[in-house]
Amino acid sequence: MKILVTGTAGFIGFHLAQKLIERGDEVVGLDSINDYYDVNLKFARLEKAGIFSESIAYNKLVQSILYSNYRFIQLKLEDRENMEHFFAQNKFDAVCNLAAQAGVRYSLENPHAYIESNIVGFLNILEGCRQTGVKSLSYASSSSVYGANAKLPFSTSDNVDHPVSLYAATKKSNELMAHTYSHLFGIATTGLRFFTVYGPWGRPDMAPILFAKAILERKPIKIFNFGNMKRDFTYIDDIVEGIIRVIDHPSIHLNPPYKVYNIGNNEPVSLMEFVSEIERNMGFEATKEMLPIQPGDVPETWADVSDLIRDLGYKPNTPLSIGIKKFVDWFNEFYGKGR
């Protein structure tokens, strides 16, 4: 199967592309490589897949030197003209869109980036699928769409009309746009509401690396809502397995062929327990700065994955103790190199 994976210099996209390459799919990766966070980490991910920074140029398709079935292009989703040419030149069997402007808090500072990448860019993905006959599109949504919902666990049947960040609003918009294209053009679309993903090669603006770096440097860590937070922390390998099952089983039998799944561990963990597990694995207790909840944050997330189990026979299940150990082992190796 020939699969386009966008966001392959990013956390989830990197891991997904690696798994698809290893099982023998023909994979084309795409990423803008923006500077929202350290581009050196993005280039390091690409290097693991045989794409080296000196070979990368905008809108140039690069062949991996490690895998014959992997190529990469640096391209912005919002670049309509080049996206149209790119889709026309490549006949994809399936598309998985993981590229987006990420971050809840950053959306308060730079809202235009979210509209350009997450709305305009996603429209270009949908149009690319429509114009070139792609029949299956999976795409990253987010648990943040549940916004101010108080009912737990969060179910895909819940109303999600009350986002509390622009980032969440763009992800909800993606689901609505996808439904329209499924209804009008028969494209099988599946939205994936990810719940607090962590693991090796994770984003440096997310809690695990922020905490681990602070502990390593003997600096205080910021604990929001005075520690009264729970998150459905989900290990990266579980997320990738869920995505692959969706790619392999698109919603073609539905009318319209549209579906949304939660992918989460289905087991909320307190923020303080999460911090303690990192401390235990790093062998050092952190100094904690207790702070009020941030705008756009919610106190608790919890994924109802019953439809994921029913439809795809899958439930994420990596225990926190195992996931954090793998994360800390990677963190010590990567950041121990003076990066």
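**Cavities, a pocket and salt bridges in a predicted model**

By class, the residues lining the largest cavity are 7 nonpolar, 2 polar and 1 charged. Before I go further, please note that the model on display is a predicted one.

Let me stay with this cavity. Its volume is about 40 Å³. The residues around the largest cavity are Phe11, Val197, Tyr198, Gly199, Gly202, Arg203, Met206, Pro208, Ile209 and Phe327. Two elements, strand S8 (197–198) and helix H6 (207–216), each contribute at least two residues to that lining. In total, the model has 3 cavities of 30 Å³ or more.

I turn now to the second largest pocket, which holds about 220 Å³ of space. Helix H3 (80–89) and helix H4 (111–132) are the elements that give two or more residues to its lining. Which of them supplies the largest share of the lining? That is H4, with 7 residues. The lining of the second largest pocket includes Arg80, Met83, Glu84 and Phe87, and also Val120, Leu123, Asn124 and Glu127. By class, this lining divides into 5 nonpolar, 4 polar and 3 charged residues.

Glu127 brings me to the salt bridges. Side chains of opposite charge can pair when their charged atoms come close. The structure contains 16 salt bridges, and I shall discuss three pairs and one network.

The first pair for discussion is Glu127 with Arg130, whose closest N and O atoms are 3.1 Å apart. Because they lie 3 residues apart in helix H4, about one helical turn separates them. Arg130 is partly exposed, at 38% relative accessibility, and Glu127 is also partly exposed, at 21%.

In the next pair, Lys151 bridges to Asp158, with the closest N and O atoms 3.0 Å apart. Is each partner buried or exposed? Asp158 has 13% relative accessibility and therefore counts as buried, the limit being under 20%. Lys151, at 47%, counts as partly exposed.

The remaining pair is Arg280 with Glu277, where the closest N and O atoms are 2.4 Å apart. Arg280 and Glu277 are 3 residues apart in helix H8 (residues 271–282), so they are separated by about one helical turn. Arg280 is exposed, at 56% relative accessibility, whereas Glu277 is buried, at 13%. Finally, Lys259, Asp307, Arg310 and Asp311 are joined into one network by salt bridges that share partners.

Thank you for your attention.

Conventions:
Residues numbered from 1 in each chain as written. Predicted model: local features only at pLDDT ≥ 70, side-chain atom pairs only at ≥ 80, totals over all residues. Heavy atoms only, no water. 1 Å grid on protein atoms, 1.4 Å probe; cavity = no way out; pocket = protein on both sides within 12 Å on 5 of 7 lines; lining within 4 Å. Points joined across faces, edges and corners; volume = space filled by probe spheres on them. Helix = DSSP H or I, 4+ residues; strand = E, 2+ residues; numbered from the N terminus. Nonpolar A, V, L, I, M, F, W, Y, C, P; charged D, E, K, R; others polar. Salt bridge = Lys/Arg side-chain N within 4 Å of Asp/Glu carboxyl O. Buried < 20%, exposed > 50% of the residue type's maximum accessible area, 1.4 Å probe, protein only.
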